[in-house]
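Me: Please pick one part of this structure and take me through it up close. Keep it chatty, but give me the details.

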Amino acid sequence: MHEIKKITIGTDNCYIVSNGRDAILVDTASAPGCDKIIAECSKFNMKLIVLTHVHFDHAENAAKIADYFNIPVAVSKEDVELFESFDKQPLFSYGLTGRIVLGLSLTVLRNTKVEKPHNIIFIKDGDSLASYGIDAKIISLPGHTNGSIGVDVEEKSLLVGDELDNWVVPATGHLYTNLDAIKESAEKIRSLGERTLYYGHGKPTKNKFKFFK
Ligand SMILES: [Zn+2]
């Protein structure tokens, strides 16, 4: 039985998934959260950082935290170019919530350079995290970014990054780089059935969300 601890920095969530001793950190929030996240992680035997995708509000502290604990950072190959520049995968939005969120975040997304960690390992659909002590699998969920992934813990809890968001109500992610892909990924999440969903932004919910068609 794993424990999932949500750490919220401003509007950004990241998560410590632990078996009581060993743990992984899923996402790292933005720079102001670094010390708090390191303090929380210090309670565990940290094994790995997993990035659901490479936007600054998920990845900005990855290099620092990885160095601190001397652990690798797992990321999907398709997102590595985002360490060079956010503009490699432009973002679009739908709906009023999407327009507001994109309007508020676009400048900072563009202008924040995410430091690339030294020790990157690539993850892909179906990979198991058992060798890090965690009963979880990587699920490919492209759309928000091309390399977005989810972490499915014990087939009970799914950490979705920004593929879905819960800014107002749980819904298909309001920001996307590929609309068809994010819709398909939302379908994929829905088809998993019973899960608790943990979002990059907003509170956890059951696997029930507003589907954007
Ligand atoms: Zn994002």
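**Helix H5, inside and out**

Reply: Start with the outward side: Asp180, Glu184 and Ser191 are the exposed residues on the face of H5 turned away from its buried side. Exposed is over 50% relative accessible area, buried is under 20%, and partly exposed falls in between (1.4 Å probe, protein chains only). Bear in mind that this is a predicted model: local features need pLDDT of at least 70, side-chain atom pairs need 80 or more, and totals for chains, interfaces and linings use all residues. Numbering runs from 1 along each chain as its sequence is written, and side-chain values use heavy atoms, without hydrogens or water.

H5 itself covers residues 179-191, with helices being DSSP runs (H or I) of at least four residues and strands E runs of at least two, numbered from the N terminus. Those 13 residues stretch 19 Å from first C-alpha to last, close to the expected 18 Å (1.5 Å times one less than the residue count).

Now flip to the inside, where Ala181, Ile182, Ser185, Ala186 and Ile189 are buried. They share one side of H5 because they span an arc of only 140 degrees around the axis, going by directions from the axis to the C-beta atoms. Among what covers these buried residues are S10, S11, S12 (171-172), S13 (175-176) and S14 (196-199), with contact meaning heavy atoms within 4.5 Å.

What about the ends? At the N-terminal end, Asn178 is the cap, with a side-chain oxygen 3.2 Å from the backbone nitrogen of Asp180. Just past H5, Gly193 takes a positive phi of about 75 degrees.

Key: A polar contact is a pair of N or O atoms within 3.5 Å; within protein, one must be able to donate a hydrogen and the other to accept it, and residues adjacent in sequence count only if both atoms are side-chain atoms.
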